[in-house]
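Please walk me through this structure in the viewer. Tell me what to select at each stop and what is there.

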Amino acid sequence: MESIRSRNPQAALNSLEAAAISARGGFACVFSTAEEYEAALISERRASGRYNARLNRWPAIVFIGCAMMVVGTVLLFS
């Protein structure tokens, strides 16, 4: 195994810089700003249907239940 001292210091520095550049390349982001990332994320979620309005049936069930109670009360006391 070679010692760092026995090698050329400039070659060691160049090797270190090359390793740093290749390491940074793995962390590159395709978005230049956070707003660009958020816009892409929202459009992807919309395309997958994640933001579609869900049909909530609870209000209709509660309304029908209350209407039945009112009708039952009116029939009971009339």
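The tour below goes from the whole chain to single residues.

Start with everything selected. This is a predicted model, and the protein has 78 residues. Colour the chain by pLDDT: the average is 82, and 85% of the residues score at least 70. Where pLDDT is low, the predicted coordinates should not be read in detail.

Switch to a cartoon view. There are 3 helices and 0 strands, in the order α-α-α from the N terminus. Then show the surface. About 7,600 Å² is accessible, and carbon and sulfur atoms account for 64% of that area. Buried residues make up 0% of the protein.

Select residues 9-25, helix H1. Mean confidence is lowest here, at 80.

Next, select residues 34-47, helix H2. What span should its 14 residues have at 1.5 Å a residue? The expected value is 20 Å, and the end C-alpha atoms lie 20 Å apart, so the two agree. Step just past the end of H2 to Gly49, where phi is positive, at about 85°.

Now select residues 58-76, helix H3. Mean confidence is highest in H3, at 93. Within this helix, pick Val62. Its relative accessible area is 48%; Val62 counts as partly exposed because that value falls between the 20% limit for buried and the 50% limit for exposed.

Finally, keep Val62 selected and add Trp58 and Ile61. Together these residues make a nonpolar surface patch of about 350 Å².

Notes
Residues numbered from 1 in each chain as written. Predicted model: local features only at pLDDT ≥ 70, side-chain atom pairs only at ≥ 80, totals over all residues. Heavy atoms only, no water. Patch = residues over 30% accessible without salt bridge, like charges linked within 9 Å, V, L, I, M, F, W, Y side chains within 5 Å. Areas by Shrake-Rupley, 256 points an atom, 1.4 Å probe, with all protein chains shown as cover. Salt bridge = Lys/Arg side-chain N within 4 Å of Asp/Glu carboxyl O. Helix = DSSP H or I, 4+ residues; strand = E, 2+ residues; numbered from the N terminus. Buried < 20%, exposed > 50% of the residue type's maximum accessible area, 1.4 Å probe, protein only. pLDDT = per-residue confidence, 0-100. Expected span 1.5 Å × (residues − 1).
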